[in-house]
Amino acid sequence: MRPDDANIAGNVHGGTILKMIEEAGAIISTRHCNSQSGEHCVAALARVERTDFLSPMCIGEVAHVSAEITYTSKHSVEVQVNVLSENILTGAKRVTNRATLWYVPLSLKNVDKVLEVPPIQYAWKELEEDGKKRYEEQKLERLVTKQRNGDIIFPVFNPEPYTVGYSQSSLIHLVGPSDCTLHGFVHGGVTMKLMDEVAGIVAARHCKTNIVTASVDAINFHEKIKKGCVITISGRMTFTSNKSMEIEVFVDADPFVDEPKERYRAVSAFFTYVSLSKEGKPVPVPQLVETEDEKRRFEDGKGRYLQTKAKRQVQIPHFPGLSMRMSCGIVSKV
C-alpha cells in the first residue's frame, strides 16, 4: 500500500479497501456468470452486507484479496471476500477485513436485462439452505431500506458543536469514463470509496481526532448511476456510543447530459467509525446533541449498535468446498 492510499496516521483508507473488495467480487461474479455458453454479461453490485474492519492496514504492507462464491439464486450471486495484510519484511500476515456482497448479471447487449446465473455445486445441502436463508433476508432488508429513502440532508447555518448539522458533509462528483464499467455505469467500488470519504469527514468534524472505519452496515445499491451524472454524496451523524460513531450516507444522482430523468436516490448505507489518540488508542467520542426529529434516528442507530455487539460474539463463518475462488495481490514499495 502506498502513501496516497492512507490517511495522515498512516492507516489505509477504508474506502480504498472497500474498492479492492468490490473489484474482487465483480471479477469472480462476472467470471462465473460467463462460465457457460450464452449471452455475455457483466456482474453489477446490488448490495454489500456488513463489512468489518478487523485490523488496520498500513503503508508498505501488501494486501491479499480473496473471494469465493458462496450462493447463487436464479438471478444473483453471493460472494464472500477476505482481505489479508502481509508485512513483507517479516512475512507476518493477519486478516484485516471480511465482507459479503451480492451481484446481478447484466447483459452486455441490454443493460436493463438481468440474466440467469449458472448454479454452483455445494459441498453439502446445509450450505445451500443457509445461503437461501441469507438471500431471503437481504431481499427483505433491501425493501425496508428503500421505503425509508425519502430523507434529505439539508444544510444548517451556524450550527452548535456536536449537533448533527455541525458535522454533516456533502461531496459533489461528476461521473466520468474512468469511474464506469463496460456498460457506462459507475463501479460499486468507486461509489463506496466516495461514501467512505464523506463519512470520514463527518466523523472527524465531530470528534476532532484521527478516525478510522470500524465497520460498514449494509450498502444498498437501489439504482444504477450512468456516466455523465452528477452525484451528491451526503453524510450525517445518527448515533454515538462511548467510543464509536454511526454515520448515515446517501448518494443522489442528477442526470446531467440529455436525460429527462429527475434526481433520484441511488445508494444508502451506515458507516461506523472509532476515534483514536495520537498513539492509535481508542478514545471517548463526544456525545451527539439531538433535536426531537434526530432522537428517532439516534434510537434506530442505538438498536443497530446493540445488534452489532451481539453479532460480534458469534464467529464469522467460512464457507469451504465451494466451486470458485479468485485471489489478487496488490504490491507496493515499502
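**Exercise 1. Burial and surface.** Determine what share of the 334 residues of the protein chain counts as buried in this predicted model.

*Solution.* The cut-off comes first: a residue is buried when its relative accessible area is under 20%. By that criterion, 52% of the 334 residues of the protein chain are buried. The accessible surface of the protein chain amounts to about 16,800 Å². Carbon and sulfur atoms account for 54% of that surface.

**Exercise 2. Overall dimensions.** Assess how the radius of gyration of the protein chain relates to the value for a compact globule of 334 residues.

*Solution.* For 334 residues, the globule rule gives a radius of gyration near 20 Å. The protein chain has 20 Å, and therefore agrees with the rule. As a further step, the extent of the C-alpha trace along its principal axes may be noted: about 60 × 55 × 40 Å. Finally, of the contacts between residues at least 6 apart in sequence, 76% connect residues at least 24 apart.

**Exercise 3. Helix geometry.** The protein chain contains five helices and twelve strands. Compare the end-to-end spans of helices α1 and α4 with their expected values.

*Solution.* Helix α1 covers residues 14-33, and its 20 residues at 1.5 Å each should span 28 Å. The end C-alpha atoms of α1 are 28 Å apart, so the expectation is met. Helix α4, residues 188-207, also has its expected span given as 28 Å; from first to last C-alpha it reaches 29 Å, close to that value. Turning to burial, 15 of the 20 residues of α1 are buried, and in α4 the count is 15 of 20. Just after α4, K208 adopts a positive phi of about 60 degrees.

**Exercise 4. A residue of α4.** Decide whether T191 is buried or exposed, and identify its contacts beyond four places in sequence.

*Solution.* T191 is located in helix α4. Its relative accessibility is 4%. Because this value lies under the 20% cut-off, T191 counts as buried. Setting aside neighbours within four places in sequence, T191 contacts V186, F221, V251 and V267.

**Exercise 5. A loop residue.** Locate E49 and state which residues it touches beyond four places in sequence.

*Solution.* E49 sits in the loop between β1 (41-48) and β2 (51-53). Apart from residues up to four places away, E49 touches T100, W102, Q138, V216 and A218. For A218, the separation along the chain is 169 residues, whereas the C-alpha atoms of E49 and A218 are 4.4 Å apart.

Technical notes:
Residues numbered from 1 in each chain as written. Predicted model: local features only at pLDDT ≥ 70, side-chain atom pairs only at ≥ 80, totals over all residues. Heavy atoms only, no water. Helix = DSSP H or I, 4+ residues; strand = E, 2+ residues; numbered from the N terminus. Rg over C-alpha atoms; globule rule 2.2 N^0.38 Å. Buried < 20%, exposed > 50% of the residue type's maximum accessible area, 1.4 Å probe, protein only. Contact = heavy atoms within 4.5 Å. Areas by Shrake-Rupley, 256 points an atom, 1.4 Å probe, with all protein chains shown as cover. Expected span 1.5 Å × (residues − 1).
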